[in-house]
Structures are given as C-alpha cells and as structure tokens.
Amino acid sequence: MTGKDEAELSRLMRAAIAGDERAYADFLRRTAALVRGFIRRKIVQGGVDPEDVVQETLLAIHVKRHTWRQDLPVLPWVYAIARFKLIDAFRRRGRRIEIEIDEIAETFAEPEAETVSGRDINRALDGLPPAQRSVVSSVSVEGRSIGETAAKFGISETAVRVSLHRGLAAIAKRFGAKQFKRE
Amino acid sequence: MRTDDLIKALDADVRSTAMPLGSAWWIGAGAATLIAAVVFWLAIGPRTDIATAMYTTRFVAKFVFTTALAVSAFALIRALSTPGAATSRAATWMIAAPLLVAVAVGLELLSVPAADWGRRLVGSNMLICLTFIPLIGIGPLAVFLAVLRYGAPTRPVLAGAVAGLLAGGLAATFYAAHCFDDSPLFVATWYTIAIAILAALGALGGRLFVRW
C-alpha cells in the first residue's frame with residue numbers, strides 16, 4: 001500500500017511541477033490525508049490542533065516544492081516537512097515535547113478526514129494586505145477560479161496570480177515566524 | 001479556512017515555479033567563490049614567491065586540506081537543506097579534512113626536531129590568518145545562508161554551522177595562497193580557529209535567519 005502511495009504520489013508531484021493542476025490537487029488531497037493521520041498520532045496531549053499543523057505542512061510543501069529532488073522518493077520529503085512543522089508548532093506554543101523519530105509509524109499512517117474549528121490560517125489570512133487577502137479568499141473559501149476572481153475584482157488574471165502567489169507565500173512565512181502565536 | 005479550501009488556493013498557484021534547489025546551490029557556490037576571490041585580491045593577494053612555493057609539499061598540502069573541507073561541506077549542506085534527504089554519508093565525509101590534517105601533523109612532528117615545533121606552530125601570520133579567513137569568508141557565508149533560506153533545512157542551526165564550515169573552507173583556500181606559514185602545525189591550529197569562528201557565526205545565522 002505504501003509502495004503504491006509512493007509511486008503514485010511521486011508521479012502526481014512530477015506532473016504538478018510540470019504545471020498539471022489536476023494532478024496537483026490530487027497530490028495535495030492525498031498528502032493531506034496521510035499527513036493528518038501522521039500528525040494526529042503524534043499529538044497525544046492537547047494544546048495543538050492537528051489540522052493547523054496539516055495546513056502549515058501543506059503550505060510549506062507548496063512554497064518549498066522546488067526542494068524535492070525528482071529522482072528521490074517523495075514521501076520521506078513530505079514526512080520530514082510534517083515532522084519539522086509539528087515540532088515547530090509545539091515550540092511556538094511554548095511547549096516542549098519529545099517526538100519519536102519513528103520511521104515505521106509513518107509507513108502505517110492511514111488517511112484521515114479533517115475536523116473543523118477556528119484556524120491559525122485565518123489569523124494569518126487576516127494579516128495580509130487587503131488586495132491579497134480578498135484574492136486568496138476568493139480562490140479558496142469562495143471557491144472561484146482564477147478567471148472568475150479576475151472578473152469579480154476587474155483585474156487581469158496575471159494580477160490575480162501574482163496576488164495569490166504573494167499572499168500564499170506571506171501566509172507560509174507567517175507560520176514560519178517565531179512571533180506568530182495564537183491568542 | 002478548511003483544508004480543502006486551502007488546497008484550492010495552492011492548486012491555483014501551481015504554475016508559479018521556482019528554480020530547483022540543486023541549481024540554486026551551484027549558483028550560490030559560484031557567487032560565493034567570486035566574492036571570496038574579489039575580497040582576497042583587494043585585501044591581501046597571493047604571496048610573492050608563489051611560483052616557487054607551488055613546488056613545495058607543505059604549501060600544496062594546505063590546498064588539499066581546505067579543498068577537502070569545502071567539497072565535503074558542500075555535499076553535506078546540500079543534503080541538510082533538503083527535507084528527508086539522507087545525510088549520514090555526507091556527514092561521514094566531513095572527517096576527511098580533519099583526518100588529512102591530523103596525518104600531516106603527525107608527519108610534521110616526525111620530520112621536524114622538537115625544538116622547532118613551537119616556532120612552526122606560532123608562525124609569523126597568526127593574527128593575519130585569524131583576521132582574513134573570516135573576512136574573506138563572511139560574504140560567502142551570507143550567500144550560503146541565503147541559499148539555506150531558499151531551501152528547507154529541518155535542522156537550521158546545524159545547517160548554518162555547516163554553511164560556516166563551507167565558507168571557511170572556501171576562504172581558507174584563498175588565504176592559503178597568501179600565507180607564508182605552511183607548516184601543518186600552523187594550519188591545524190590557526191586555520192581551525194578561524195574556520196570555527198565562521199562556523200559559529202553560521203550557526204547563529206541559521207538560528208536567526210533560516211526560518212521557513
């Protein structure tokens with residue numbers, strides 16, 4: 001099962017890097033489910049919402065996807081990022097934890113569905129300049145395409161893409177910043 | 001924002017592309033070498049007798065040590081900046097430079113009378129060495145830390161320290177062409193301290209600047 005996951009996810013990610021949107025959506029959904037299973041099993045006490053870490057991990061995967069070497073397996077890369085973001089999440093919240101570096105546990109991570117609650121990402125989104133915030137919201141929460149978003153705000157598709165890219169990069173950077181804390 | 005919504009946004013951004021990290025490292029290495037060369041030529045330049053020194057074993061050995069350090073540190077930092085990449089083999093190669101120096105020190109102790117050891121160790125250039133290796137290396141270190149930021153090191157402090165070793169190996173390769181003290185006793189002492197300064201700066205830089 002894991003070997004099949006690896007081959008399939010590597011193939012999807014290679015297609016995504018070549019610009020294939022459908023492959024990328026597929027990759028992200030499947031990766032999110034695996035990472036969710038991994039994070040949930042690592043968080044035994046409360047204090048950190050697993051879904052926040054899943055979202056941070058997905059953003060990091062997105063903005064750092066140029067660090068994946070296409071001749072290497074993709075899952076160790078994904079889990080290394082997830083583990084880094086998990087440790088970071090605890091550190092940022094002033095908790096010290098021991099996370100076992102357990103490779104075997106990763107291979108048995110089962111896909112899991114998300115739960116909904118207040119999100120760190122919403123706070124990061126609120127911190128964006130208005131233009132970027134409205135574009136990111138339009139494409140994500142409101143589910144519009146790039147073209148529909150361009151029409152809605154009366155700007156070019158290129159401008160939408162630029163705002164979206166900068167907005168996502170800024171959110172990812174906020175997650176990485178030390179001073180970003182929940183209230 | 002639900003995770004599915006986030007995925008929509010990430011997916012819509014699929015066409016934004018960035019240079020592969022591997023290429024960024026080679027560009028960084030080129031830029032760092034250029035910076036080191038310029039600072040070296042402006043600040044000190046090669047020693048005047050370099051044409052004859054090139055034929056002495058001790059002089060050439062200095063370049064073997066410093067190049068071994070730079071090459072092994074480059075391999076290790078590339079692995080450290082890639083999440084999930086295997087680092088143990090590259091880390092093992094890091095003992096090559098210290099090992100070569102240790103062997104050279106042993107040979108030096110055997111071939112030089114004990115009365116001369118102190119003079120050779122202290123040399124004539126130690127303050128210049130301690131000044132100019134960090135000075136030549138600081139620009140390259142900044143370049144390497146910038147590439148680390150572009151990458152995704154899961155151990156930023158360690159990666160920063162290795163960036164310092166890499167900058168140190170590079171700077172020492174240039175500095176070795178200037179320095180008149182060719183004894184392995186001198187190199188093992190003062191080059192090591194100078195490079196350690198860069199490694200400490202790199203670790204600090206990794207802690208402060210390499211966040212993602």
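In this predicted model, B:Arg120 sits in helix H7 of chain B, the stretch that covers residues 114-122. Is B:Arg120 buried, exposed or something in between? A residue needs 20 or more other C-beta atoms within 10 Å to be buried, and 12 or fewer to be exposed. B:Arg120 has 18 such neighbours, so it ends up as partly exposed.

Which residues does B:Arg120 touch once its neighbours within four places in sequence are set aside? The contacts are B:Val112, B:Ser183, B:Leu185 and B:Phe186. With B:Phe186, the C-alpha to C-alpha distance is 6.3 Å, although 66 residues separate the pair in sequence. That fits with how chain B is wired overall: among its contacts with a separation of 6 or more, 87% link residues 24 or more positions apart.

Zooming out, chain B is built from 10 helices and 0 strands, so to speak a plain run of α-α-α-α-α-α-α-α-α-α along the sequence. Its C-alpha atoms fill a box of roughly 75 × 35 × 25 Å along the principal axes. Of its 212 residues, 47% count as buried.

Nonpolar side chains tend to be buried together in soluble globular proteins. Here, the largest nonpolar core has 56 residues, and those with the most contacts inside it are B:Ile77, B:Ile133, B:Phe144, B:Val162, B:Ala163, B:Leu166 and B:Tyr175. Several helices of chain B each put at least two residues into this core, namely H2, H4 (57-80), H6 (96-111), H8 (126-150), H9 (156-175) and H10 (184-209). The largest share comes from H9(B), with 12 residues. B:Tyr175 gives a closer look at the packing: leaving out residues up to four places away in sequence, it touches B:Cys129, B:Phe132, B:Ile133 and B:Ile136. A second, separate core has 52 residues, including A:Leu28, A:Ala82, A:Val135 and A:Val136.

Then there is the contact between the two chains, which takes 30 residues from chain B and 43 residues from chain A. On the chain B side, helices H1 (3-12) and H2 (21-43) each supply at least two of the residues that touch chain A. H1(B) gives the largest share of that side, 9 residues. What is the make-up of the side of chain B that touches chain A? It divides into 15 nonpolar, 8 polar and 7 charged residues. H2 of chain B thus turns up twice, as a supplier of residues both to the side touching chain A and to the largest nonpolar core.

Note on methods: Residues are numbered from 1 along each chain as its sequence is written. Chains are lettered from A and ligands numbered from 1 in the order in which they are written. This is a predicted model: local features need pLDDT of at least 70, side-chain atom pairs count only at pLDDT 80 or more; totals for chains, interfaces and linings use all residues. Two residues are in contact if their C-beta atoms, placed from the backbone, lie within 7 Å. Helices (H or I, at least four residues) and strands (E, at least two) are DSSP runs, numbered from the N terminus. Ala, Val, Leu, Ile, Met, Phe, Trp, Tyr, Cys and Pro count as nonpolar, Asp, Glu, Lys and Arg as charged, and the others, Gly among them, as polar. A nonpolar core is a set of buried Ala, Val, Leu, Ile, Met, Phe, Trp, Tyr and Cys residues joined through C-beta atoms within 7 Å.
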